[in-house]
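The exercises below ask the reader to work through a protein model by eye, and each one is followed by a solution in steps.

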Amino acid sequence: MTRTVTALFRDDFYLSTCEASVTGILEDGGIELDQTCFYAASGGQPGDTGFLERADGSRIDIAVARHGETKDIIVHVPAEGQPVPAVGEKLVLHIDWPRRYRLMRMHTACHLLSVVCPFPITGASVGEDESRVDFDMSETIDRDEVTTALMKLVEENHPVYVQWITDDELAANPGIVKSKNVRPPVGLGRVSLVCIGENSAVDSQPCGGTHVSETQEVGAVHIAKIEKKGKENRRFRIRFGMPEDRASV
């Protein structure tokens, strides 16, 4: 029997540890908890890794966190050969914070890219060192100009924060969704809007991922490559570091 979980990361992206109780063990070994700080893979952002600390100090390494049958279920998938906790057992959860923080920085950079390139998004994948965002566009665009515009937004250090709207409010304002093929998850009663800038002056879009609290935290990023993936599709690859490190087209 699957059970809903309180997803603590939705209200605090910087929460790296918490206490929880085991509520169920799935047939494939997946662990369900009453609450968690582990982000479950969704929307192009990978799920968190880390470990669960038991009362005796031993640990259960978690290979990934994923959703269950619905978005309100989060399953912690142990690495191979890990011990199985008992239902009701109390654990202390620890996510791999350095990895999560890189993903938060990169995911925020993807949002900034969607501001610089205001075209419908046809796909995206967030990575620790490189991310890609696909746009429905046929225009030719200079990657150096895009990098310069990206870094301007980073250096202006705009606040990044979440506002919540209801499913009905989202349905009444479909224009705020930038993704062309993937719709924001609904059915939980509320949807998070990731806002950038005072009063959302820079951007506002539905997103359930994790992000930094100000654009300066993104650090140096650049467009490493722009690939033509069809007559009206361009794939932008974002990497950390200065433009000198980029790959050639």
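**Exercise 1.** Decide whether Val84 is buried or exposed, and determine which nonpolar surface patch includes Val84.

*Solution.* In this predicted model, begin by placing the residue: Val84 lies in the loop between E7 and E8. Next, take its relative accessible area, which is 58%; because residues over 50% count as exposed, Val84 is exposed. Finally, look for its nonpolar partners on the surface: Ile25, Val84 and Val87 form a patch there, and together they have about 260 Å² of accessible area.

**Exercise 2.** Describe the two faces of strand E8, and find which residues stand opposite Leu93 in its pairings with E2 and E5.

*Solution.* Start from the general rule that side chains in a regular strand alternate between the two faces of the sheet. In strand E8 (residues 90-95), Leu91, Leu93 and Ile95 make up the covered face, whereas Lys90, Val92 and His94 make up the uncovered one. Then turn to the neighbours: strand E2 (residues 17-25) pairs with E8 in the antiparallel sense over five bridges, and strand E5 (residues 50-53) is joined to E8, also antiparallel, by four bridges. In the pairing with E2, Cys18 stands opposite Leu93, while in the pairing with E5 the bridge partner of Leu93 is Leu52.

**Exercise 3.** Work out how E6 and E7 are connected and which residue of E7 stands opposite Ile62.

*Solution.* Strand E6 (residues 59-67) and strand E7 (residues 74-78) are paired antiparallel over five bridges. The two strands form a hairpin, with six residues between them, and Ile62 stands opposite Pro78 in E7.

**Exercise 4.** Give the strand order of the open four-stranded sheet, state which strands stand at its edges, and say which strands helices H1 and H2 touch.

*Solution.* The order is E9-E10-E15-E14, with antiparallel pairing. Strand E9 (121-125) and strand E14 (221-228) are at the edges, and each has a single partner strand, so one side of each is left without a neighbour in the sheet. From one strand to the next, the twist averages 20°. Over seven bridges, E14 pairs in the antiparallel sense with strand E15 (residues 234-240), and Ile223 stands opposite Ile238 in E15. Helix H1 (residues 97-116) packs on this sheet and touches E9, strand E10 (130-135), E14 and E15, its direction making about 140° with that of E15. Helix H2 (residues 143-155) also packs on the sheet, touching E14 and E15, and its direction makes about 145° with that of E14.

How values were computed
Residues are numbered from 1 along each chain as its sequence is written. This is a predicted model: local features need pLDDT of at least 70, side-chain atom pairs count only at pLDDT 80 or more; totals for chains, interfaces and linings use all residues. Side-chain values use heavy atoms; hydrogens and water are left out. Two strands pair if DSSP finds at least two bridges between them. Axes are lines fitted to C-alpha atoms, for helices over the stretch in contact, and angles run from 0 to 180 degrees between N-to-C directions. Contact means heavy atoms within 4.5 Å. Buried means under 20% relative accessible area, exposed over 50%, partly exposed in between (1.4 Å probe, protein chains only). Patches are made of residues with over 30% relative accessible area and no salt bridge: like charges are joined within 9 Å, nonpolar side chains (Val, Leu, Ile, Met, Phe, Trp, Tyr) within 5 Å. Accessible areas come from the Shrake-Rupley method with a 1.4 Å probe; for residues, only the protein chains shown count as cover. A salt bridge is a side-chain nitrogen of Lys or Arg within 4 Å of a carboxyl oxygen of Asp or Glu.
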